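Let's take a stroll through a protein model together. Have a look at it first, and then we'll go from the overall picture down to a few side chains.

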Amino acid sequence: MSDKSTSPLGVFERYLSVWVALCIAAGVALGNLAPGLFATISALEVARVNLVVAVLIWVMIYPMMIQVDFGAVRDVGRRPKGLVITLAINWLIKPFTMAALASLFFLHVFAGLLPEADAQQYIAGAILLGVAPCTAMVFVWSQLTRGDANYTLVQVAVNDLIMVVAFAPITALLLGVTDIVVPWETLLLSVILYVVIPLVAGVLTRRALTRRSLDRGALGRFVGALKPVSILGLLGTVVLLFGFQATTIVERPLTIALIAVPLLLQSYGIFALAYLWAWAWKVPHPVAAPAALIGTSNFFELAVAVAISLFGLQSGAALATVVGVLVEVPVMLSLCAFANRTAARFPA
């Protein structure tokens, strides 16, 4: 997703979508050939956060956290447009468009293909995805689009703070359920694993590099050297996510395809809205791209945890959140590629 002069991966990185497709196929194949292995890995979790996947995501996030400069973070308040777009999309638009699209497709367009009881469950799962903006993977998408690391950190941090107070009320409103219990252990553990720990590690690494070397390019070369490891972490995550659900993918392909339709429309529609808004507002691309990608990506650990607590492990709602996990990486990579191709249309 970047040119040869800035990418140590060269051809490998430019054909990332091909490798992701191969990893999807490998995950499905391995998950069916060795279900016991993936069941064992899947069981290594705390508060619905899989520890193996967490390590891989941490590996992906760490290089971007090294680029965070707290001196520049203070200047984010002088450029509020990207933050306004992110917050408006995530909390005033996205949950409600997801509820509307899910209801339209599962109750009307697919009415003859799905039992009504299942349709209601799928709507609930889709809503849970729509109310949970991304905390972790957005750092990866921002890095792939050369986003402003400082601005992205602030966007995620503000979203997380709002999520603490807004997730339960919005979810209760859209689901018509009054006893929403936020899985605080999932929320807090995810923030610690995906934001706090890699941020602290990144800050310490940055300080060590800048103190030991007077070469201003040392930091950039170090981050560049980590990029292959970061990409391998992404590919490993894809294999695991599809391996965990390999049996379901093979046994219920039509159901998964039907659930994926409104999720895909929601993802591309939300991105288009946020990206065009940023373009019309003349927001610089390093801020505009992450602003649009944050609204498109989901906090799937939280959505899955709430779906299971409300409706059960084998429920249609839980299945819908899992389908959201499966479609996220391919969709987000396609949007990253589009964002990179259109970067020149934004102000410098």
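What follows starts with the chain as a whole and ends with some of its aromatic rings.

First, keep in mind that this is a predicted model. If you trace the backbone, you'll come across 16 helices and 2 strands. How far does the C-alpha trace spread along its principal axes? It spans about 65 × 45 × 35 Å. You can also check the chain against a simple rule: a compact globule of 348 residues would have a radius of gyration near 20 Å, and the chain, at 20 Å, agrees with that.

Now for the inside and the outside. Buried residues account for 54% of the 348 in the chain. The contacts tell you something about how the sequence is folded back on itself: take those between residues at least 6 apart in sequence, and 86% of them join residues at least 24 apart. As for the surface, the chain exposes about 14900 Å², with carbon and sulfur atoms supplying 69% of that area. And what about charges? There are 20 positive and 15 negative ones, and the mean positions of the two groups are 16 Å apart.

Time to zoom in on the rings. How many aromatic pairs turn up in a search of the whole structure? The search finds 10. One of them is formed by Trp58 and Tyr62, which are stacked, with 5.2 Å from centre to centre and 5° between the planes. You'll find both residues in helix H4, which covers residues 51–66; they sit 4 residues apart, about one turn of the helix. Are these two buried or partly exposed? Trp58 has a relative accessible area of 26%, so it is partly exposed. Tyr62 has 14%, and since buried means under 20%, Tyr62 counts as buried.

Move along to helix H13, residues 253–280, for another pair: Phe271 and Tyr275, again 4 residues apart, or about one turn of the helix. Their ring centres are 4.8 Å apart and their planes meet at 25°; planes under 30 degrees apart count as stacked, so this pair is stacked. Here Phe271 is buried, because its relative accessible area is 3%, and Tyr275 is buried as well, with a relative accessible area of 6%.

One last stop: which residues do ring pairs link into a cluster? Look for Phe105, Phe106, Phe110 and Tyr122, which are joined that way.

Definitions and conventions. Residues numbered from 1 in each chain as written. Predicted model: local features only at pLDDT ≥ 70, side-chain atom pairs only at ≥ 80, totals over all residues. Heavy atoms only, no water. Rg over C-alpha atoms; globule rule 2.2 N^0.38 Å. Buried < 20%, exposed > 50% of the residue type's maximum accessible area, 1.4 Å probe, protein only. Contact = heavy atoms within 4.5 Å. Areas by Shrake-Rupley, 256 points an atom, 1.4 Å probe, with all protein chains shown as cover. Lys, Arg positive; Asp, Glu negative; His and termini not counted. Charge placed at Lys NZ, Arg CZ, Asp CG, Glu CD. Phe/Tyr/Trp six-rings, centres within 6.5 Å; stacked < 30°, edge-to-face > 60°.
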